[in-house]
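Reader: I am new to this structure and would like a close look at a single part of it, the nonpolar core. Please also say how that part sits within the rest of the chain.

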Amino acid sequence: MPITDKFFAINIRKYLALGDDHEAGEPALIQLLSGFSCPKNPDVEHFLKKNAIEFTKKNQSVTYLVFSKDNGEMLGYFTLALKPLTIRGETVSNTTKRKLLRVSELDVKSDTYTMSAYLIAQLGKNYADGRNREIAGKELIELAWMIIEKTQYMFGGMVTFLEAEKEEKLLSFYRDNSFSQFDTRQTASGTTEPHELVQLLRLL
């Protein structure tokens with residue numbers, strides 16, 4: 001069964017465009033988000049409830065809510081953004097380098113490729129009332145990828161990346177979904193201890 005027969009994704013801008021309408025506008029969106037639960041990753045839950053609306057209003061990112069076509073329940077969400085990305089040549093294959101040259105600025109001296117890239121900033125399933133069992137992580141990524149492909153069709157670009165905790169089960173999941181590690185990055189947050197994130201990319 002095609003994934004579009006099972007799920008649909010809504011850009012939260014559609015709610016925000018209706019302003020203070022309590023039935024379908026921002027108040028309704030806030031109420032909807034309050035029912036999201038992700039105990040396995042509190043950061044994913046915190047972002048959706050505390051940051052997703054403001055980040056979308058500021059054009060820093062856009063969040064999409066994923067619903068079941070069967071019962072209309074919210075099953076998860078993903079957040080996409082356009083970000084500058086620099087990739088060190090030593091971390092990727094020669095084939096990847098040739099592809100990156102099409103969409104990047106090469107600094108020969110430092111052997112780095114700098115470009116605009118699509119970022120999957122957040123990805124999470126809704127565990128409230130067991131709804132997480134109604135959608136697989138692979139399906140959630142596929143829905144995000146469909147949006148990225150539509151954007152790429154209209155505006156170009158080639159590189160999609162994400163950052164993940166250094167956990168083998170999680171990294172294996174992303175590798176199984178065609179992402180490959182190219183580097184690591186130390187977080188710099190004033191609220192949490194700095195730690196290492198693994199950076200993975202996938203080419204369109």
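Author: What follows starts with the whole chain, turns to the core, and ends with a few places outside it.

The model is predicted. The protein chain has 6 helices and 8 strands. Read from the N terminus, the order of these elements is β-α-α-α-β-β-α-β-β-α-β-α-β-β. The chain has a radius of gyration of 18 Å, close to the 17 Å that the globule rule gives for 204 residues, so the chain is as compact as a globular protein of that length. Its C-alpha trace spans about 55 × 40 × 35 Å along the principal axes.

Two further values describe how the chain is packed. Of its 204 residues, 43% count as buried. Among contacts between residues at least 6 apart in sequence, 62% join residues at least 24 apart.

Now to the core itself. In soluble globular proteins, nonpolar side chains tend to be buried together. Here the largest nonpolar core holds 26 residues, and F78, L80, Y174 and L200 touch the most other members. The elements that give two or more residues to this core are the strands β2 (62-68), β3 (74-88), β5 (112-125), β6 (159-165) and β8 (196-203), together with the helices α5 (137-155) and α6 (168-176). Helix α5 supplies the largest share, 7 residues.

F78 is a good residue to follow in the 3D view. Setting aside residues up to four places away in sequence, F78 touches A9, V62, T63, Y64, V66, Q122, L123, L140, L143, A144 and I147. Apart from this core there is a second, separate one of 17 residues, which includes I10, I53, L65 and M74.

L80, named above among the residues that touch the most other core members, also leads to a loop residue. S61 is in contact with L80, and with F47, F55, T56, T79 and A81, when its neighbours within four places in sequence are left aside. S61 is located in the loop between α3 (42-57) and β2. With a relative accessible area of 6%, S61 falls under the 20% cut-off and is therefore buried.

Two other loop residues can be set beside S61. D111 is in the loop between β4 (105-107) and β5. Its phi is near 55°, a positive value in a residue other than glycine. D111 has a relative accessible area of 29%, so it counts as partly exposed. S178 is in the loop between α6 and β7 (180-186). Although S178 is not a glycine, its phi is positive, at about 75°. Its relative accessible area is 48%, so S178 also counts as partly exposed.

Finally, some nonpolar side chains lie at the surface. L101, L106 and V108 make a nonpolar surface patch of about 270 Å². L106 lies in strand β4, and its relative accessible area of 34% makes it partly exposed. For the chain as a whole, about 11600 Å² is exposed, and carbon and sulfur atoms supply 49% of that area.

Definitions and conventions: Residues numbered from 1 in each chain as written. Predicted model: local features only at pLDDT ≥ 70, side-chain atom pairs only at ≥ 80, totals over all residues. Heavy atoms only, no water. Core = buried A, V, L, I, M, F, W, Y, C linked by side-chain atoms within 4.5 Å. Buried < 20%, exposed > 50% of the residue type's maximum accessible area, 1.4 Å probe, protein only. Helix = DSSP H or I, 4+ residues; strand = E, 2+ residues; numbered from the N terminus. Contact = heavy atoms within 4.5 Å. Patch = residues over 30% accessible without salt bridge, like charges linked within 9 Å, V, L, I, M, F, W, Y side chains within 5 Å. Areas by Shrake-Rupley, 256 points an atom, 1.4 Å probe, with all protein chains shown as cover. Salt bridge = Lys/Arg side-chain N within 4 Å of Asp/Glu carboxyl O. Rg over C-alpha atoms; globule rule 2.2 N^0.38 Å.
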